[in-house]
Amino acid sequence: MKYFLGIYHGHNATVAVLNLDGQVIDCVSEERFVNVKNKSGFPVHSLKYIKDKYKNDEILGIGLPFEFMNAVFLTESDGSYKKDNILNIFLRLMWRILLNTDREIYSFVYDKYKNILGTYMAKKQIAFTADYFKLDPKIVKGYNHHLCHAFPAYYLSPYNKEDALVLTLDGEGDGLSATVSKVVNGKFEMISTTGLGDSLGNIYLELTRYLGMKPNEHEYKVMGLAPYARAEQVEKVYKKIKDWVVVDGLEFRAKFDTHLAYKYIKKEMEGFRFDNIAGAFQKLVEEKMVEWVSNAIKETNLSTVCCSGGVFMNVKANMKVSQIPDLKKIWILPSCGDESTPLGAAISSYLDYCKENSLNIDIKPLKDLYLGPSFTNSEIEKFIQEKNIKSKYKVEYHTHIEKVIAQLIANGNVVANLSGRMEFGARALGNRSILANPTKPDVIKEINEYIKNRDFWMPFAASLLEERADDYVVNPKHLAADYMIMSFESTMLGKKELRTAMHQYDFTIRPQIVRRDWNSRYYRILKEFEALTGIGGILNTSFNLHGSPIVLGPKEAYYVFENSGIKYLSLENYLISKDV
């Protein structure tokens, strides 16, 4: 099998595989294999998984989703470039000094860095990657970071044979923080860019840091907190920040270099309460994104919109964008932070190969995200025996375990489920999920305090039977909602039957529509639950401990089971129970 690889060495290092037929067949992140959230560095464990499945000599191309690189991506790798750590220390000191300078000096030094050190590090990364595979460096190429966001947003969408508007929005990458492209008659053209000094994403990142949370990881907590703020108090804060970023046609323009955002936030937010601050900055993101997307639709006269980049992980802002009257269709690449850029790098390599060999481009739309490892019942049985689990807990094998899981959930129990191929990305979509009854208020405290140790204000999500989605979700445009990448208003029935599986304050819902042909086992669980309760959805949250990545396999799942208040663990057809 001939295939293309996309490899990301940075924050949440990830590997993607695209075959010559244009289909994504694997995508896995290093964090799952080493159990370190958002692990950066060369993804050796992810690549070992890929190399065990496919042959090296069948690689047609390797794409890296950066034209210019930072030394950290190699110095945190398990490779032979540790000497570059000296360079990395120098760079970090340089950035700290630059943050106390003005915009012009920062931009001048950054451009020099990008052109000299960034190019140097990119070449080293290409050499490092080629050496790892023992392949000719000519087949390893670095591609523009924002194109590696934009290409999968369009080519993996269900609209990849249509004219469309393609938008990217993130913190920064290759000197940019936002791009606008259009695809007309199959021709992909980038028509506008916003530089890294005008980054809406970087402002939200620095706000996350200011609120005592972890930047590049906890932005979703700020988003979850925002609805609790009172509108009149939010407005007082918003008046102080609304002109920090303006939309100028298809570009963003910031009042100051957004690398200095923390300094401005610290100065201007003194005396305001944390929830009101979160609400105001969330409003800033929502209003500026809506204005930007609206301008792009009017400028291009394209009403089908495809999106990617870390800022589009903000599901509340995505909901506001989806409600733009002139927007007819929208598809947001699932888990569209930098962990998805290897998809774009693999696609870029594929496009180059097709052009060089006069082949037709035929990339298949992305369907389900079950793109990682799976484990057989035989492997699980062996694991149970090796760990002597039967001496500590009750272990049962069930041929029709879906019915057993549904009954447990209907009775108010919380069940951790591992089955099938692991999901790619930030969202658990049933195969590595903690499941609960969406009508039971007590499960909120049970999961938050005794299982995941998560922040009390954070909402859960809902998995819904595809035929019942309209009963619970207000979706007049019939937008795709398969990946928990967008929020919607909930219906009255939704507020009643899915009360614990939505935001507890504003009643928005972040759904996963479960399709029978994408995940028949998970669909059967929901169908059995519906037969018992009449409810067509369940509460779904990721199977992990707070601060740790979603579990990979039986070993990681059992560790969470042992170190939390989970009483029921389903491993394929095996059910492990505590205190029964």
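User: Which helix does V234 lie in, and what makes that stretch a helix?

Analyst: V234 lies in helix α9, residues 231-241. Helices here are DSSP runs of H or I with at least four residues, strands are runs of E with at least two, and both are numbered from the N terminus. Before we go on: this is a predicted model, where local features need pLDDT of at least 70, side-chain atom pairs count only at pLDDT 80 or more, and totals for chains, interfaces and linings use all residues. Residues are numbered from 1 along each chain as its sequence is written, and side-chain values use heavy atoms, leaving out hydrogens and water.

User: Why is V234 called buried?

Analyst: Buried means under 20% relative accessible area, exposed means over 50%, and partly exposed is in between, with a 1.4 Å probe and protein chains only. V234 has 9% relative accessibility, so V234 counts as buried.

User: Which residues is V234 in contact with, leaving aside its neighbours within four places in sequence?

Analyst: Contact means heavy atoms within 4.5 Å. On that basis V234 touches A229, N276, G279, A280 and K283. V234 and Q282 are 48 residues apart in sequence, and their C-alpha atoms are 9.7 Å apart in space.

User: How many disulfides does a search of the whole structure find?

Analyst: The search finds 0. C27, for one, is in no disulfide, as the nearest cysteine sulfur, in C148, is 13 Å away. A disulfide is a pair of cysteine sulfur atoms within 2.5 Å.

User: Why is C307 not bonded to C306?

Analyst: The closest cysteine sulfur to that of C307 is in C306, at 7.1 Å, which is too far for a bond.

User: And are C27 and C307 buried or exposed?

Analyst: C27 has 1% relative accessibility, so C27 counts as buried. C307 is at 0%, so C307 counts as buried too.

User: What makes β14 and β21 a pair?

Analyst: Two strands pair if DSSP finds at least two bridges between them. Strand β14 (residues 415-418) and strand β21 (residues 568-571) have 4 bridges, in the parallel sense. One bridge partner in β21 is L569, which faces A416 in the pairing.

User: Which helix packs on the sheet there, touching β14 and β21?

Analyst: That is helix α19, residues 520-533, which also touches β15, β16, β19 and β20.

User: How do you know that the span of α19 agrees with what is expected?

Analyst: The expected span is 1.5 Å times one less than the number of residues. For the 14 residues of α19 that gives 20 Å, and the end C-alpha atoms are 20 Å apart, so the two agree. Buried residues in α19 include Y522, I525 and F529.

Methods:
Axes fitted to C-alpha atoms, helices over the stretch in contact; angles between N-to-C directions.
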